[in-house]
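Work through the two exercises below with the coordinates open, and try each task before reading its solution.

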Amino acid sequence: MDLDNRRILLRTNFDKSNTIETIYTGGHFSCTPSYLALPCEESVILLNASSLSVSETLSPKILEISAVLLSHCNSTLIAASKSGEIAMYSSESLSNSPVTNSNLTRTFKAHDAPILCLAFPPPNSQPPTVLATGSSDSSIRVWNIKSHYVSHNLRKHANPISVLKFFNDVTLFSASVDCTIVMWDLISSSVVRVFESHLSAVSGINFFNFGNDESVKKKMKHEVDGMMVTAGRDKVLNVWSLSSGKLLKTVLSAESVESMAIFKHLETADPHVVVGGESGIARVYNLNAGKVVAEYNLGSAITEINVLDKDDTDMLIFSTVDCNIHYFDVSIGNDGIEFVETKLIPGYNDEIIDLKYAGPNEEYLVVATNSNHLRVYELSTMNCKLVRGHEDVIVTLDVSKCGNVVVTGSKDKSVCIYQLGGEDGDDEREFELVARASGHTEGVTAVSICRKNLGFVVSSSEDNTIKKWDLSHVNFSGKKPMPVVQLSSIYTFQPHPKAINAISVSPNSALFASASLDKTVKIWSTESGDLKATCNGHKKGVWSCEFSKVDKVLVSGGSDRCVKVWNLDGTCLKTFEGHLNSVLKTTFISHGMQIVSSGSDGLVKVWTLKTNLCEVTLDNHEDKVWALTTKKDDSVIISGAADSVITFWKDTTVQKREEEYKAKEEGVKKSQSLENSIQKKDYKTAIKLALELNHAFKLVNLINLVLKNEGEENLKEVVAGLNPEQLSQLLNHTLSYTTTTKYSYPAHLTLYQILSQFDKSSILALPESKKLLNGLRAYTEKVFDGVDKALVDLGIVELCLQD
């Protein structure tokens, strides 16, 4: 490789190309077939349901948002807060496009206590005009959102309102923590009926209306023209007659119900509902049979369920306590009702602890967060899947050289091995648990897999031991499901007196390194576990270590804010200083000629070994950057931090160099044009070119030439023909000219022309115009003070001469 090619490999510019951020922090969300409206602290995130991209971030400027409601045509959005405020967004457009920040029509105080639930009447072809709000102050208010007034103030409940549901435009049902359901007539503002049977808070209301379907009437054995099903935390589902108010049926639930939804398009005459609660299991109940007919374990407590119509089929959308949104298609198959998960949207990743590229073509990103589930992002669609295996938080992970095997270590004291199932080219490939290692007596702190083949895994633990696990008995063919293999350890030893933070296996798998809080990095033989070298030099604990893929060196980062490069005999070759806090992660890029490091200061830095210089500092995090990984070709760096943000940094070195070259070439051409214009005495064109090239000295000389050869009228024409950008540049130069006596005269003539030719609003619209004008005023006053003093002195001289 020649020198020029080696220089091209050095990365000096990275731009943020994508981020995975917090989009949902809990609360009642709303959905349509096109969009999801998600409360996120004091904002509302509108997510495109197809592309999973953020379409709009609404900032209603109200305190923590507790619930959002989006109309069926996406033209009206309501955001309610825990402070009792409501922000209303409304768009006149019926094009199915979402509202934007410019559509904020009103913010008002709706209740004196937190708003817990919102409801629109059943959808029709027009945007909704009525809104019902329920609060923890036990009151219900109905608003005319078109004319902006409250039409009803309903009070019957004794405790906070838990559910609101419209039956039609004039009939509203409300449920409360006081265990009652109330039916309201909005025409007379009166209570039609109170339904009492639940023994705990009511958490769901839905309606059936079967009309004259005789087959259903025969099956249900009671009137079905209007029927309501309610669910509560008392572990029951109650079926009511709306016409008589009678309790027709009670179905026992397996757990307290937190949310309930009703199926609309199942190909069966029996009514079915889906419920969810603390166990995280979604259960489908046949209300006629009174039993569970299907269930699906989501892994986390279910907080809310919505049903959407999708091409005359039912789509279920769940939210869970860990702020994940799950999409399911539901159908009836040979084995009954079947759940097929189509999308998973992580709303809140919590603290990003570790991440790596995975897959044979690096098409996946595996992420460890404060969760016992491994998160796998498919980078082409940004769809996410949760892979189960651990019972406690995953704190470390590693990926094999081929990309098909992922190793994780957890606080549950175990190491899990996952393999990418299926074959190359398959549409649906998932990581499956194939092996587990249990033997550590405390939580696992670091893992690293063999680089040469899939022969072994090395792990460390809070019990201060290192174990080497044998993978030779694991079937990595991936062609069919295999039982989970229990791994056995080859050897165990205690390498450090203090906690071990990182382990790295060398590219040839002959060595591995361990980094510890005892301020050392130690290099070991993977075959025997014998100590080969000790790297002493860090003044505080070491957090990271990694071997170079090209040279026989390794890099480490520690709490002493230093990045160090070591020879394999333990000699320190280089030390890089620049982080403001502990260095948490380090890795090599650019064929071992550069290092990327991240730290507790929230920064990612790229260093060049030859020059000892920091080439670029990447800043997009507000907390510790625990995780760092790069693509095999080093074209992308990914950083993950404790602020729950994952940032993709794309290498733009080549593009930046091309832009700089083009800008330089363009500058040369303009400089030549400037000289040609001066020779032709085309001062108007020359002044504009001098402004574009930012040639301050030539600019003031050109202004003097115009004044000397053509007079103020021509300067007036030049100034009048400037665009806002050129005018702003001229003001900046004028300010610098007024600071010197030599150029004060042309500067003030230019300022006079600017103030004469442009009105006040045009000048104030310029960037930093007030700052510029304040500076000009100060120097102008100073000049005129000098003129006044000179006039006084001149008068005294004249008097003296006369005498």
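**Exercise 1.** Determine in which order the strands of the open sheet lie, and how they pair.

*Solution.* The open sheet consists of four strands in the order β26-β27-β28-β29, with antiparallel pairing, where strands are DSSP runs of E with at least two residues, numbered from the N terminus, and two strands pair if DSSP finds at least two bridges between them. Its edge strands, each pairing on one side only, are β26 (302-310) and β29 (336-346). On average, neighbouring strands of this sheet are turned by 25° against each other, direction ignored. Taking one pair in detail, β26 and β27 (residues 313-320) are joined in the antiparallel sense over eight bridges, and Asp309 has Asp314 in β27 as its bridge partner.

The model is predicted, so local features need pLDDT of at least 70 and side-chain atom pairs count only at pLDDT 80 or more, while totals for chains, interfaces and linings use all residues. Residues are numbered from 1 along each chain as its sequence is written, and side-chain values use heavy atoms, with hydrogens and water left out.

**Exercise 2.** Establish how the axes of helix α8 and helix α10 cross, and which residues meet.

*Solution.* The axes of α8 (residues 744-757) and α10 (residues 769-802), lines fitted to C-alpha atoms over the stretch in contact, come within 12 Å and cross at roughly 125°. Therefore α8 is oblique to α10, a class left over once angles under 35 degrees, over 145 and from 65 to 115 are set aside. In the contact (heavy atoms within 4.5 Å), Ser744, His748 and Leu751 of α8 meet Leu776, Thr780 and Val783 of α10. The residues of this contact divide into three nonpolar, three polar and no charged.

Methods
Axes are lines fitted to C-alpha atoms, for helices over the stretch in contact, and angles run from 0 to 180 degrees between N-to-C directions. Ala, Val, Leu, Ile, Met, Phe, Trp, Tyr, Cys and Pro count as nonpolar, Asp, Glu, Lys and Arg as charged, and the others, Gly among them, as polar.
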